[in-house]
Amino acid sequence: MRLNPSGAPQLGGTNTPAFAATGSRLQMGVIRNGYLWTCQHAGLDNANGTYTNSGSTVNRSGIQWWKFQLNSTGTPLTYSASGMVYDSATSNPWWYYMPSLAVNSNNVILVGFSGSNPNNYISALFSGVRADGATILPPIVTQSGNAYFTGSWGDYSFTTVDPTDNRTLWTIQGFANNVSPYPWGRLDRFRASVSLAAR
């Protein structure tokens, strides 16, 4: 899998959020219930969530999450599971990028990220996943972008577990904004959902 060096499309013009500075590096590692969890964005070239070409054709990006079992010293021991959150649309799919994740006491994963496509400004989204990889919630837009973004999109993404119940999940994500002088907004303290937290 690889990223498109020209970046992800967005509504409003030809400028695309570039990922040259961040690439597909892993973002936000979490140790929970004897496992190390992490995530990254990755370029895909078809509607089934994979990259199959040897060339540079990329027509969407998705959020890849990883789960590794730890040994007694806390270092990664064995691969346990992984999954991909992506848009399977055949035309104008969403590109998802700059993720963060958290895992609650029931091993439910909340992944928060930004996303855009030719019909949408950069928006804030999240998805919920079970530890076995089954999707609880498909990607949901929590805040639609409201402006065309001309800069380089940053990794302003954070997701965490509420310490009061160890199950509720919260996420903070960026979206394109038209408030001067800052061309981005931030969705603070978004509670994923009671149904997701209770699983």
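A residue is buried when its relative accessible area is under 20%, exposed when over 50%, and partly exposed in between (1.4 Å probe, protein chains only). By that rule, 48% of the 199 residues of the protein count as buried. The model is predicted: local features need pLDDT of at least 70, side-chain atom pairs count only at pLDDT 80 or more, and totals for chains, interfaces and linings use all residues. Numbering starts from 1 along each chain as its sequence is written, and side-chain values use heavy atoms, with hydrogens and water left out.

**Overall build**

- The protein has 11 strands and 1 helix. Helices (H or I, at least four residues) and strands (E, at least two) are DSSP runs, numbered from the N terminus.
- Read from the N terminus, the order of elements is β-β-β-β-β-β-β-β-β-β-β-α.
- Contact means heavy atoms within 4.5 Å. Among contacts in the protein with a separation of 6 or more, 53% are between residues 24 or more positions apart.
- The protein exposes about 9,200 Å², and carbon and sulfur atoms supply 51% of that area. Accessible areas come from the Shrake-Rupley method with a 1.4 Å probe; for residues, only the protein chains shown count as cover.

**The four-stranded sheet**

- Strands of a sheet pair through backbone hydrogen bonds, either parallel or antiparallel. Here, two strands pair if DSSP finds at least two bridges between them.
- One open sheet has 4 strands in the order β5-β6-β7-β8, with antiparallel pairing. Its edge strands are β5 (95-103) and β8 (135-143), each pairing on one side only.
- Neighbouring strands of this sheet are turned by 20 degrees against each other on average, direction ignored. The axes are lines fitted to C-alpha atoms, for helices over the stretch in contact, and angles run from 0 to 180 degrees between N-to-C directions.
- In β5, 9 of the 9 residues are buried, so this strand is largely enclosed by the rest of the structure.
- β5 and β6 (residues 109-117) run antiparallel and are joined by 7 bridges. L101 stands opposite V111 in β6.
- The β5 and β6 strands form a hairpin with 5 residues between them. N107, in the turn, has a positive phi of about 60 degrees.
- β7 (residues 120-129) is joined to β8 by 5 bridges, and the two run antiparallel. F126 faces I140 of β8 across the pairing, standing opposite that residue.

**Strands β9 and β10**

- In a regular strand the side chains alternate between the two faces of the sheet.
- Strand β9 (residues 157-161) shows the alternation: S157, T159 and V161 point to one face and are buried. F158 and T160 point to the other face and are not buried.
- β9 is joined to β10 (residues 169-176) by 5 bridges, and these strands run antiparallel. S157 stands opposite Q173 in β10.

**Aromatic residues**

- Rings of Phe, Tyr and Trp (its six-membered ring) pair if their centres lie within 6.5 Å; planes under 30 degrees apart count as stacked, over 60 as edge-to-face and the rest as tilted.
- The count by this rule is 7 aromatic pairs. One of them is W94 with Y96: their ring centres are 6.4 Å apart and their planes lie at 25 degrees, so the pair is stacked.
- W94 is buried at a relative accessible area of 14%. Y96 is buried too, at 5%.
- Y35, W37 and W65 form one aromatic cluster.
- K67 lies over the face of Y35, 4.2 Å from the ring centre. A charge sits over a ring if NZ of Lys or CZ of Arg is within 6 Å of the ring centre and within 35 degrees of the ring normal.

**Selected residues**

- Y121 is in strand β7. At 25% relative accessibility, Y121 counts as partly exposed.
- Y121 and L11 are 110 residues apart in sequence, yet their C-alpha atoms are 5.0 Å apart. Leaving aside neighbours within four places in sequence, Y121 is in contact with residues including L11, G12, G145 and Y148.
- I31 lies in strand β1 (residues 27-32) and is exposed, with a relative accessible area of 57%.
- Leaving aside neighbours within four places in sequence, I31 is in contact with L36 and L70. The C-alpha atoms of I31 and Q69 are separated by 9.6 Å.
- S72 sits in the loop between β3 (60-70) and β4 (76-85). S72 counts as exposed, at 80% relative accessibility.
- S72 and G34 are 38 residues apart along the chain, with C-alpha atoms separated by 8.8 Å.
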